[in-house]
Amino acid sequence: MRRLGTPIRWLAGSSLVRSLRFRLILLVLLASLPSLVLLFLTASQQREVAIDAGEEEAQRLVVLAVDNLRTNAEQVEFALRTLALRPELQNSSSCTQFLQTLPSGSSDPVEPLARPGADEFRIENATIRAVAVVDNDGSVICRDQPTDGDRLDDDDALVVRRSLTTDQVSLGNVRADPEGGGLIVTYAHPIPPEGSESRAIVATLEVAALAAFTRVAGLPEDAFVTIFDSEGVLQQRYPAAPEQVGHSMEGTPVVDMMIGQNPDPENVPDDLDVDGEAYIYATEDLWYSGSTDATARGFVMVAFPERVIVQRASEKFNENLGKLAIAGVVALIAAWIGADLFVARDGETRKAMIRDLYHAFSAGSLEELDDILGPSYIDHTPNPGQAQGPDGLKQNVAAFRAAFPDGEILPRELLADRDKVVARVTLTGTHLADYFGMRPSGRPVTADGVETFRFDDGMVVESWSLFGELRPLQEPKVVAPEQPVKSSGLMSRMFRRRKPLETESSSANAG
């Protein structure tokens with residue numbers, strides 16, 4: 001602490017710290033500090049308000065997304081349920097012919113409406129990739145387009161068995177299409193049996209409902225929407241990321257909480273971290289209507305980048321910070337210039353006080369000194385026998401008035417610099433009495449001197465004097481005014497050469 005205190009004391013006592021300019025600048029900085037603190041507090045509040053508004057918007061959009069997806073799923077279920085009742089599906093030949101009339105992604109968007117069955121299988125935001133009728137073991141009975149193989153793959157066969165077991169619509173996981181690269185999902189619905197054979201109609205769709213929703217919803221920049229199932233496996237994502245579909249999202253706190261791996265909501269952070277960037281999110285359960293299968297449950301998550309949500313608040317903060325910085329710079333410049341003005345004005349005030357001090361010598365008004373001299377005043381060049389402090393200077397004034405009844409001390413020049421005033425003065429008066437050991441001469445005398453005064457808190461606290469010897473005051477010589485020279489007239493100028501000749505002639509005559 002002692003080592004630290006030494007430079008602090010040195011700094012506090014330095015001329016820079018004690019200068020008026022430094023104090024004014026420090027005052028401006030201290031005055032700006034509350035505004036700066038208030039600016040940061042306001043920016044923090046605006047950021048919190050923006051985040052709260054972002055969370056509300058995310059919750060609103062996730063509910064709309066769930067409703068949109070559920071509506072889309074209901075359309076598919078309704079279409080499959082309606083098609084399952086068509087008698088054409090009971091016969092293999094008529095089944096194939098009927099399925100080929102259904103609209104597909106490569107068909108004209110207007111022409112399919114005129115085909116048989118088109119009205120029953122019109123689904124918004126979805127493109128039919130394949131439709132087939134299969135039996136219980138996944139063998140294809142008929143399909144809408146010729147293809148290699150008479151059996152479904154294992155994933156689709158599992159969807160069929162689940163549909164026939166529950167006697168209702170069943171759907172598989174959303175997955176990446178190995179051929180087209182888009183996202184596809186398989187639906188299955190049982191066909192009312194004729195006899196003992198169980199059949200189901202299976203439709204593979206390329207889903208676009210999520211993309212259509214996000215375009216209508218107007219998500220912020222870099223936002224995303226995901227759907228994951230009850231096991232935490234990613235089913236859909238927008239913007240599309242087919243390479244991520246089918247991968248587990250377990251380990252993400254919010255996903256673990258939704259699928260029941262982390263039942264404590266307090267352990268779930270308020271934001272979502274994706275690749276080192278914070279996201280504001282909201283989640284909602286997605287239950288597909290008409291299905292009691294546990295795998296038909298999913299979860300929808302809408303996430304916004306926090307930087308986008310707080311962008312307006314950050315821009316407002318930067319704008320206000322810029323304005324405060326400009327105001328601070330202007331205030332500092334004003335303080336810098338104002339210091340010079342104050343110093344100049346303060347210097348004039350101090351010089352006026354020194355004039356009043358000399359007026360006390362000239363007029364003998366000791367009461368003026370009480371407003372000029374500080375209590376701790378020190379005269380570093382006192383006269384012999386002079387008392388200390390302000391009383392000593394008052395004693396000096398009284399002795400001066402006694403020795404020089406008509407005496408004056410006239411300031412010829414006053415210079416003010418920082419806390420000091422330097423005075424060049426002239427003492428005049430008739431020396432009629434003893435003045436601190438100097439015997440009176442009875443004659444007018446004069447002396448020149450230089451005195452320095454130091455101020456503190458607006459009062460004189462120190463002084464130094466240097467006077468020359470008293471010398472007789474010489475009377476100024478009276479010089480007679482010069483007589484005006486009369487200008488010669490015209491005649492004189494004309495005969496100015498003759499006059500000297502006449503003078504010479506007169507001198508010769510005189511000789």
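**Cores, a pocket and a helix**

Modeller: Buried residues, meaning those under 20% relative accessible area with a 1.4 Å probe and protein chains only, make up 38% of the 511 residues in the chain. This is a predicted model, in which local features need pLDDT of at least 70 and side-chain atom pairs count only at pLDDT 80 or more, while totals for chains, interfaces and linings use all residues. Residues are numbered from 1 along each chain as its sequence is written, and side-chain values use heavy atoms, with hydrogens and water left out.

Colleague: What makes the largest nonpolar core a core?

Modeller: A nonpolar core is a set of buried Ala, Val, Leu, Ile, Met, Phe, Trp, Tyr and Cys residues joined through side-chain atoms within 4.5 Å. The largest one has 29 residues, and Ile354, Leu357, Tyr358, Leu373, Phe453 and Val460 have the most contacts inside it. Among the elements that give it two or more residues are helix H9 (311-363) and strand S12 (373-379). H9 gives the most, with six residues. Helices here are DSSP runs of H or I with at least four residues, and strands are E runs with at least two, numbered from the N terminus.

Colleague: Which residues is Leu373 in contact with, leaving aside its neighbours within four places in sequence?

Modeller: Leu357, Pro390, Leu393, Met459 and Val460. Contact means heavy atoms within 4.5 Å.

Colleague: How do you know the length of helix H5 agrees with its number of residues?

Modeller: The expected span is 1.5 Å times one less than the number of residues. H5 (residues 154-166) has 13 residues and should therefore span 18 Å; its end C-alpha atoms are 18 Å apart, which agrees. Its buried residues include Asp156, Val159 and Arg162. The buried residues of H5 pack against several strands, including S5 (183-191). Just after H5, Asp167 takes a positive phi of about 60 degrees.

Colleague: Why is the second largest pocket called a pocket?

Modeller: On a 1 Å grid over the protein atoms alone, a pocket is an open set of points with protein on both sides within 12 Å along at least five of seven lines, so the term follows from that test. Lining residues have an atom within 4 Å of a point. This pocket has 21 of them, with Ala130, Arg143, Asp156, Glu179 and Thr204 nearest its centre. Strand S1 (126-135) and strand S6 (199-207) each supply at least two, and S1 gives the most, with four.

Terms used: Buried < 20%, exposed > 50% of the residue type's maximum accessible area, 1.4 Å probe, protein only. 1 Å grid on protein atoms, 1.4 Å probe; cavity = no way out; pocket = protein on both sides within 12 Å on 5 of 7 lines; lining within 4 Å.
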